[in-house]
Every structure is written in C-alpha cells, then in structure tokens.
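Colleague: Before we discuss the strands, could you take me through the terms you apply to them, one by one?

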Amino acid sequence: MANKQALRDLQSRLAERLQAARTEPLAKSWLAVECGSRGFLFPLREAGEIFPLAPMVPVPHSHRWFVGVSNLRGHLHGVVDLAGFLGLKTGDVARDQARLVGFNQSLDINCVLLVDRLSGLRSEEELSAEGDEPGERPAFAGGRFRDSSARLWQELHLAELAGDESFLR
C-alpha cells in the first residue's frame, strides 16, 4: 500500500515539474523513461499527460506493438508498446510500474506510449552529449546522452515519431 502511495506522489511531483518545465524558455529538459532495459528521453515540450496503466481493448489484425485502445479521461487513445515498436521487447512489463505517456496536444495524435517505468526528469546540466552510433537511424531518434551514473539515454523526438510512416501504420 505504501508503494502505491509513493508512486502516486512521484507521479504528482513529475506532473508538477512537467508543467513548470514547459514554461521555462531555453534549457532543454526531458521526461526520462525506461523500456526494454534501455533509457529514453522525451522532450518535455512534446510529451503530454502521464496515465497509470488502464484497461485496453485489443485491435484485431494490428501490429504486435499496437496493444489496443484505451479510454483515458473520456477520450479513446491508441496504445503503442514503445519497446515492442523499437524491437527491444525482452519480456513482460512489470505492470505495477508501467505507465502510459501521452503526446502533447499540439501534436494532434490520440496515442499514448506504454513504457516500462518512469525515471524522472532530466535537464541539460545533468547530461553530457555522447557520440552517435554509426549507421542509419530513424528521424525520430535524437542525440545520445550519458548521466552522472554513466547510464546511456537516447532522445526520442515525439513530434517526429508522430509523423513516422511505420508508426502511423
């Protein structure tokens, strides 16, 4: 019971910091999430509301990574398993820590991303830029960063992801 309250408190603090960070003009800041044991950074200006895991209705004949649709605050949203979409799926998600991260309303897409867990907020000051891996990468893949504990984080541009043809299929 205490764990659920701690998670609610964390989510509440994250929502407050997300709102405050959206109004800050210059510094880059990200919502850090984990999927398939990898770390990803969503630009705060592109991320939307964070929801607890909600009931989902599967959609027949869709991709495996398209989990289904869910009613979130009275609106239907498609639910995409981010790790599955990126080809990182290694096993079942610990559902008690999984969250649904929405896209900013300005991106005009009724979709949420299923992530394994939230890891808080990150700012430019907390991260150092890392060189890119050789080879092609999708347009929605941004820079790579390393934090003080040497953890590698990959930036994902949600605006680019929302327009990616393979994502929209």
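Modeller: Two strands are said to pair if DSSP finds at least two bridges between them, and strands themselves are DSSP runs of E with at least two residues, numbered from the N terminus. This is a predicted model, in which local features need pLDDT of at least 70, side-chain atom pairs count only at pLDDT 80 or more, and totals for chains, interfaces and linings use all residues. Residues are numbered from 1 along each chain as its sequence is written, and side-chain values use heavy atoms, with hydrogens and water left out.

Colleague: What makes S5 and strand S7 (residues 111–115) a pair, and in which sense do they run?

Modeller: They share 4 bridges in the parallel sense, and the requirement is at least two, so they count as paired. Within S7, Val112 is the bridge partner of Val79.

Colleague: How do you know that strand S4 (residues 66–72) pairs with S5?

Modeller: DSSP gives 6 bridges between S4 and S5, in the antiparallel sense, so the criterion of at least two is met. Asn71 has Leu76 of S5 as its bridge partner, and in the hairpin of S4 and S5, with 2 residues between the strands, Arg73 takes a positive phi near 55 degrees.

Colleague: Why is strand S5 (residues 75–81) called largely enclosed?

Modeller: Buried means under 20% relative accessible area (exposed is over 50%, partly exposed in between, with a 1.4 Å probe and protein chains only). In S5, 5 of the 7 residues are buried, so the strand is largely enclosed by the rest of the structure.
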